Structures are given as C-alpha cells and as structure tokens.
Amino acid sequence: MIVTRGLTKRYGAVLAVDDVDLDVRTGDIYGFLGANGSGKTTTVRMLLGLVLATTGKIELFGQAMPHAARSVLPQVGSLVEGPAAYGHLSGRANLSLFDAMGTGGPRRTRRARIDEVLAQVGLTDVGRRAVNAYSLGMRQRLGLAAALLRAPRLLVLDEPTNGLDPQGIREIRELLLQLHAGGTTIFLSSHLLAEVEQMCTRVGVLDRGRLVLQEKLSVLQAPTGRTVVRTPDANRAQALLDGRLERRDGSRLLVRGADAAEVNALLVGGGVRVDELGAERRSLEQVVLAATEGAVPGSVTP
Amino acid sequence: MIGVELVKMLRRPRTWVTIGLLNGLPTLVAILLALTDLGPRPGTGPAFLSAVLSDGTLFPLAALAIVLPFFLPIAVAVVAGDSVAGEAQAGTLRYVLTRPVGRTHLLFAKLVSVIAFVLLAVLVVAATGYVVGTLLLGDQPLASSVSGTSLTPAQVTGRTVLSILYVVLSMLGVAAIALFLSTTTDSALGAALGALAVLVASSVLFTLDAAAALQPYLPTRYWLAFVDLFRDPILWRDVLRGVLLQIIYVAVFLGASWANFTTKDITS
C-alpha cells in the first residue's frame with residue numbers, strides 16, 4: 001500500500017530522512033515510531049506530496065507519488081501535525097469546503113457525508129458552532145472528520161489523539177479499530193509507545209532519519225526463549241538452575257529455556273517456592289530503545 | 001476550486017470590514033464638502049474633487065481617486081498577501097493540497113478570488129460614491145471634462161467604466177506582487193507588508209528627481225493616469241503606458257509565484 005525505496009530528504013547540510021524503505025501492507029495498522037525530530041513528519045509529508053524528496057521513490061497503491069497525486073490522494077485521508085480549519089466558519093461549513101475542493105465529492109450527497117463523519121467523530125452537536133470556539137480536542141476530531149470524508153482506503157494520521165482526554169483517546173481508538181475492521185489501512189505516526197502497542201499490527205521505528213526497525217508487532221513481542229521466575233528462595237533456585245541462569249535481580253531470575261512448565265517442574269521438584277513464572281516477552285519500549293541505541297536486536301528479529 | 005475560494009473570500013468578515021472602511025473616507029469627504037461647500041480650487045487636491053460640488057455624478061471618480069493612492073492598495077496587499085501565506089499560517093494549506101488540489105490550480109483560484117475582491121471593492125466604492133454624490137452634492141448634469149469642455153452623459157459613463165477597469169488593472173499589479181511574496185513566506189502579515197514596502201518605495205522614488213531614470217518603471221507611476229481619460233480629447237499616452245507596465249508586472253510576478261509555489265516544500 002505504501003512502499004518507499006531509498007527515500008531521502010536533505011535540507012541543506014541536514015539529512016532529515018536517510019534512505020528509508022517503508023513497506024506498509026494492505027490491512028495493516030502500521031505504527032510509525034520515532035522521537036521528536038527523527039524525521040517522522042517529513043516522511044509523512046513526502047508520502048502526501050507536500051515535501052518533495054531529494055532522492056528515492058514513493059508508491060501509494062502501486063502508483064508513483066507525487067506524480068500520481070490526482071488519482072492517489074482522493075483515496076487517502078490525512079491528519080498531519082495537528083488539525084487545521086477556517087476558524088470563522090462552523091465545523092460543518094469547513095467540512096463542506098474541504099469536501100468541495102479538488103475533484104470534489106458530489107454536491108447532492110455532501111450533506112449526508114458530512115452528517116456521517118460528524119457522527120463518527122462525535123461532533124454532531126457542535127457542528128454548527130464556529131471552529132474558533134472549539135477546544136483542542138474538538139479541533140482534533142474535526143480534523144479526523146475531514147480525513148474521513150470520502151471514506152478513504154488509507155488513513156495517514158500523525159498523532160491523532162493529541163490533545164484528547166483519556167475518554168476521547170479511547171473513542172478515537174475504537175473508531176480507528178472499527179474503520180480498520182471495515183478494511184481501511186491505517187498508517188499511524190506517533191511517539192506514544194502505548195498507543196502503538198495497543199493498536200498496531202506492524203511497527204517501523206525511525207531514528208535520526210533512518211528506519212532502524214520494521215517488523216510485525218507479534219514478532220517483536222514473541223517469546224525470547226527465556227523464562228522469568230520470581231521466587232522468595234532465589235539462592236536455592238540459583239543453585240538448582242546451575243548454569244542456566246542468565247541474570248538475577250534480587251528475587252527475579254532470568255532463566256534460559258522457553259518451556260516455562262519445565263522450569264517450573266524443576267524448581268518445584270527441588271523445593272523452591274515460586275511466586276510468578278512465565279515466558280519472557282519484550283515490551284515495545286525495550287524493543288524501540290534497543291533499536292534506537294544502535295544495537296539491532298538480532299535475537300528478536302528472525 | 002474557484003467557487004470554494006470565492007465562498008471563502010465572501011464569507012470572511014474581513015472582506016466586508018475592509019470594503020466598509022474603504023468607503024468610509026470618500027463618504028466623510030462628501031459629507032464635509034456638502035456641509036462646508038468648500039471644494040479645493042480647480043487643479044489642486046485629489047482629482048475631480050473641485051468639480052463634484054456642482055456635479056455629484058463625478059463623485060464616484062473622486063472617490064476612487066481618494067482611495068487609490070493608499071487605501072485600496074493596502075486592502076489589496078492584505079488580501080493577496082494573505083491568500084497563500086494565510087493558509088500556510090493557519091495550517092489549512094496542507095489539507096487543501098492533499099485533498100488534492102493541484103498547486104497551479106490553487107494559485108489560479110487564489111488569483112481569481114483576489115481579482116473578484118478588487119472588482120468588488122472598486123465597484124462598491126464607485127457605487128457608494130455615486131449614491132453619496134448625488135444625494136449630498138449637486139446633481140446638475142453639468143458634466144465637464146478636466147479640460148473644461150463638457151461631456152455627454154454617455155461619454156461620462158463610458159469613460160467611468162474605462163477608469164474602473166484601469167484602476168482594477170493597477171491593483172492587479174499590487175495583487176501579483178503580494179501573491180508572489182505570499183508564496184515565499186508563511187506569514188500573511190509579512191507578505192502584505194512586503195508588498196506595501198514596494199509601493200511605498202515606488203512612491204518615494206516617484207517624487208525624487210534623481211530617480212528620473214527609474215520612474216517609467218515604477219509600479220505606482222501611472223496609477224492616477226485614469227484622470228487623463230477625462231481630458232478632451234482623451235490623453236492616451238500615460239494610460240497606455242500604465243496598462244503595458246501593469247501587464248508586465250502582473251506577468252512577471254505571477255510567473256514567479258507559480259515557479260516558486262509549484263516547486264516548494266510545504267512545511268507549514
């Protein structure tokens with residue numbers, strides 16, 4: 001759905017995006033992670049044809065961007081670096097203008113489309129109020145509504161839950177999951193690991209302009225082949241597991257061997273009391289930190 | 001997209017406030033003239049103002065001559081300077097372009113919207129001038145040319161239309177400069193002030209004898225040449241030079257706007 005090859009953007013002496021090969025597949029919820037200033041937004045802008053790449057190729061739906069923008073972009077809904085609207089007009093009037101722009105949706109069904117997206121983002125009640133009177137969260141929802149006009153096949157969202165309260169974040173997350181279930185591919189750029197961990201199926205990590213990791217979330221979080229044991233009898237367990245212990249932090253032991261049941265039987269058989277025991281999984285945070293520190297976690301990317 | 005831009009312009013409170021303010025000064029002048037009956041002596045003061053005391057139908061032209069040196073260019077520079085930079089500043093530009101609206105197409109729609117604003121502003125000023133002039137000032141059909149001979153009402157109407165077109169073209173020169181600056185910055189204010197700076201510089205050089213060599217190329221040089229349309233016979237020389245000069249300014253700056261905007265990274 002989104003494929004880039006050697007995508008590079010240079011601003012003078014600064015290399016903002018360096019040789020990025022993105023691969024977003026149909027049906028993904030792709031989490032695009034990176035610290036502030038890592039080049040996420042520049043990459044998103046290049047995908048949408050706002051910023052022109054220095055070198056490299058971009059394809060959306062198999063068509064070259066920005067050359068095919070006229071046929072590609074009507075199928076893409078986007079939210080880039082916060083929402084924006086004409087403040088003196090109402091939310092409805094804004095959506096009506098955006099809907100009429102470019103190739104434009106049919107005028108006859110415009111009202112129905114606007115009603116639908118306002119309902120989707122939960123703004124039905126305030127659609128007639130001037131945007132100047134909107135809160136940050138309401139503006140965010142309006143931006144999302146504009147992105148949803150014309151039912152896009154691909155949503156490119158940059159920090160979509162920015163400025164929302166926890167309730168709002170959950171509503172938006174549910175809306176996105178619902179859209180995804182309906183067949184929409186979602187490219188979600190974020191610095192919120194928790195958000196990505198909860199929603200995404202694939203993850204790409206950008207660090208200082210380079211894509212240092214791109215993998216399925218389920219692979220990244222697959223068992224590492226080690227078992228974590230928490231026990232009050234740590235010393236005894238250590239003696240029993242002789243040689244298989246990788247690390248010990250107080251009562252927490254890290255044991256080589258993916259078979260938790262076997263480790264458990266061994267410990268219990270030796271009279272060690274066990275509080276907690278399970279296969280080790282890395283959190284997304286650990287994966288990202290490991291990747292951005294330059295140590296590509298070979299043990300978790302088969 | 002042209003329709004969208006026109007709706008945006010017409011639904012913007014600023015458009016109407018600006019046009020309202022544009023009418024304020026000529027109306028004030030008409031009231032003062034009507035109350036005091038003290039017109040400037042022929043040949044002094046803003047063009048036509050000496051004649052309007054007896055013939056209020058000339059007041060639309062006097063009104064245009066009053067707003068042309070300052071008010072109208074300021075209004076045009078603000079609107080044209082805002083056209084692209086204002087959207088960049090508000091962040092809407094990235095959403096407009098990803099709808100998608102082609103960059104050339106957007107620039108063209110912006111230009112049409114600015115032209116519509118100029119036409120609207122000039123026509124409203126002329127219409128208000130006509131109403132105020134005939135109500136407050138004399139309305140004897142004594143229409144006379146600046147040269148002193150008398151003109152028929154048909155001649156006055158025809159020449160008034162020509163003057164309005166000439167003023168619109170002069171303002172398009174301003175609009176083109178402001179539009180170009182508008183594509184170079186994300187600050188609407190900066191673009192408008194930049195265009196005004198050009199006009200102020202042009203006006204200053206116009207009064208300076210040492211700048212005589214530059215004067216035929218100054219954008220403001222022939223602005224008031226529409227007065228020559230009311231000479232008998234019409235003095236075409238400055239009017240035609242003014243038209244040619246404005247066409248060159250419009251072409252050069254629109255070309256520059258296009259070249260800049262279609263190859264620019266939108267980082268706003």
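1. Is Arg237(B) buried or exposed? In this predicted model, Arg237(B) counts as exposed, because its relative accessibility is 51% and the cut-off for that class is over 50%. Its salt-bridge partner is Asp238(B), and the closest N and O atoms of the two are 3.2 Å apart. Asp238(B), in contrast to the exposed arginine, is buried, with a relative accessible area of 15%. Elsewhere, in chain A, salt bridges with shared partners connect Arg226(A), Glu246(A), Arg256(A) and Glu280(A), so that these residues belong to one network.

2. Before reading further into chain A, it is worth looking at the confidence of the prediction. The mean pLDDT of chain A is 88, and 97% of the residues in this chain reach 70 or more. The stretch of residues 295–302 of chain A, however, has a pLDDT below 50, although the model gives this stretch 12 contacts beyond near neighbours in sequence. Where pLDDT is low, one should not read the predicted coordinates in detail.

3. The interface between the two chains comes next. On the side of chain B there are 26 residues in contact with chain A, and on the side of chain A there are 34 residues in contact with chain B. About 2,400 Å² of area is buried between the chains, and carbon and sulfur atoms give 60% of this area.

4. As for charged pairs across this interface, the rule finds 1 salt bridge between chain B and chain A. Asp265(B) pairs with Lys9(A) in a salt bridge, with 2.6 Å between the closest N and O atoms. The rule also finds 16 residue pairs in polar contact across the interface, with both residues of a pair at pLDDT 80 or more.

5. The side of chain B that touches chain A can also be described by its elements. At least two residues of that side come from each of α1 (2–10), α4 (71–90) and α5 (92–97) of chain B. With 5 residues, α5(B) supplies the largest share. Sorted by class, this side of chain B holds 11 nonpolar, 6 polar and 9 charged residues.

6. Over all chains, a search of the whole structure finds 27 salt bridges. One of them is formed by the side chains of Arg210(A) and Asp18(A), at 2.8 Å from N to O. Arg210(A) belongs to strand β11 of chain A and Asp18(A) to strand β2 (residues 14–20) of chain A, so this pair ties together parts of the chain that are 192 residues apart in sequence. The two residues differ in their exposure, since Arg210(A) is partly exposed, with a relative accessible area of 41%, whereas Asp18(A) is buried, with a relative accessible area of 18%.

7. Chain B offers a further example, in which Arg12(B) forms a salt bridge with Asp82(B), their closest N and O atoms lying 3.0 Å apart. This pair, too, links distant parts of its chain, for Arg12(B) is in the loop between α1 and α2 of chain B and Asp82(B) is in helix α4 of chain B, 70 residues apart. Arg12(B) is partly exposed, with a relative accessible area of 28%, while Asp82(B) is buried, with a relative accessible area of 13%.

8. Two peptide bonds deserve a check by eye. In chain A, Met65(A) and Pro66(A) are joined by a cis peptide bond, with omega about 0 degrees, and Pro66(A) is in the loop between β6 (63–65) and α2 (69–72) of chain A. In chain B, a cis peptide bond joins Arg99(B) to Pro100(B), with omega about 10 degrees, and Pro100(B) is in the loop between α5 and α6 (103–136) of chain B.

9. Positive phi values in residues other than glycine are the next topic. Ala151(A) has a phi near 40 degrees, and this residue is in the loop between α5 (136–148) and β8 (154–158) of chain A, where it is exposed, with a relative accessible area of 66%. Arg208(A) has a phi near 45 degrees and is placed in the loop between β10 (202–207) and β11 (210–216) of chain A; Arg208(A) is exposed, with a relative accessible area of 62%.

10. A last point concerns a loop residue of chain B. Leu58(B) is in the loop between α2 (13–36) and α3 (59–67) of chain B, and with 3% relative accessibility it counts as buried. From C-alpha to C-alpha, Leu58(B) and Gly129(B) are 8.5 Å apart in space, although 71 residues separate them in sequence.

Notes. Residues are numbered from 1 along each chain as its sequence is written. Chains are lettered from A and ligands numbered from 1 in the order in which they are written. Side-chain values use heavy atoms; hydrogens and water are left out. Contact means heavy atoms within 4.5 Å. Buried area is the accessible area (1.4 Å probe) that two parts lose on being put together, summed over both. A salt bridge is a side-chain nitrogen of Lys or Arg within 4 Å of a carboxyl oxygen of Asp or Glu. A polar contact is a pair of N or O atoms within 3.5 Å; within protein, one must be able to donate a hydrogen and the other to accept it, and residues adjacent in sequence count only if both atoms are side-chain atoms. Helices (H or I, at least four residues) and strands (E, at least two) are DSSP runs, numbered from the N terminus. Ala, Val, Leu, Ile, Met, Phe, Trp, Tyr, Cys and Pro count as nonpolar, Asp, Glu, Lys and Arg as charged, and the others, Gly among them, as polar. pLDDT is the predictor's confidence in each residue, from 0 to 100. Buried means under 20% relative accessible area, exposed over 50%, partly exposed in between (1.4 Å probe, protein chains only).
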